[in-house]
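Work through the exercises below with the sequence and the model open. Each task is followed by a solution in steps.

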Amino acid sequence: MFETRPIIALDFPDFDSVKAFLKKFPKGESLYVKIGMELYYACGAEIVSYVKSLGHSVFLDLKLHDIPNTVESAMKVLAKLGVDMTNVHAAGGVEMMAAAKRGFGDQGVLIAVTQLTSTSQEQMQDNQNIQTTLEESVRHYARKTAEAGLDGVVCSAHEVISIKDATSSNFVCLTPGIRPAGSEIGDQKRVMTPSQAKAAGSDYIVVGRPITQAQDPYQAYQAIKSDWNAAL
Ligand code: C5P
């Protein structure tokens, strides 16, 4: 499953900033955007309807993690909003992920977070009492995600080969931590360029600041998109 549009992370605090940002793109250019917790909790479901009404696709990044029944009901609501992709924490377990899938249905892509990339191996072993390597924990959660019938996981582009090896080649890997060659890395640690991520097997890339903070966001978007779509 290869998505030609880089997903733009709309990491903005309010509606007005989103409106101002989206105005910088030509009318009729269909984008794929990520709405995360900050924006969703600030604006509510209205932000999803607004972005969808402009013809864009939406990845709603809320990382659900609760008892199966609650997650299933919440997913039914998200499906009604028309979101194209959403996610849960794999740590919620196979039963919870399967319930999420039942609730969300087949209208979009459902993926899981394995270990957050902000978690180090030492923190995982100490805080979660998981006594294995971080890589093995990620592979384990990816297998459980596939077992629950979900489409794939959010991961680092550096983990794609290992995850597809643990699951299957068509298991979706969505990768943030993308930076065009020569740009500011910011707080990301292990980054890849769009074409490196493609070569590593990513199916979707998520890009925030290199587009949202650019002088000319549309130009930055197009450059990232053409690198992502460049022939290998
Ligand atoms: O600005 P930047 O390109 O670093 O934004 C990346 C986006 O992807 C942010 O919304 C960030 O929260 C998200 N993300 C990430 N790493 C993960 C999961 C999500 O950077 N492992």
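**Exercise 1.** By class, how many nonpolar, polar and charged residues does the shell around the ligand have?

Solution. The model is predicted: local features need pLDDT of at least 70, side-chain atom pairs count only at pLDDT 80 or more, and totals for chains, interfaces and linings use all residues. Residues are numbered from 1 along each chain as its sequence is written, and side-chain values use heavy atoms, with hydrogens and water left out. Start with the shell, where a residue counts if one of its heavy atoms lies within 4 Å of the ligand. Its members are Ala-9, Asp-11, Lys-34, Thr-117, Pro-176, Arg-179, Gln-188, Val-206, Val-207, Gly-208, Arg-209 and Pro-210. Sorting them, with Gly counted as polar, gives 5 nonpolar, 3 polar and 4 charged residues.

**Exercise 2.** Find which elements each supply at least two residues of this shell.

Solution. Take helices (H or I, at least four residues) and strands (E, at least two) as DSSP runs numbered from the N terminus. Strand 8 (204-207) and helix 10 (209-212) meet the condition.

**Exercise 3.** List polar contacts of the ligand (N or O pairs within 3.5 Å).

Solution. On the side-chain side, a polar atom of Lys-34 is 3.0 Å from a ligand oxygen, and one of Thr-117 is 2.6 Å from a ligand nitrogen. Arg-209 contributes a polar backbone atom, 2.7 Å from a ligand oxygen. The protein buries 81% of the 460 Å² that the ligand exposes when taken alone (Shrake-Rupley method, 1.4 Å probe).

**Exercise 4.** Which residues does the UniProt annotation "active site" cover?

Solution. The unreviewed UniProt entry gives Asp-61, Lys-63 and Asp-66; such annotations may be inferred rather than shown by experiment. Asp-61 is placed in strand 3 (residues 57-64).

Conventions. Polar contact = N/O pair within 3.5 Å; in protein donor to acceptor, adjacent residues only side chain to side chain.
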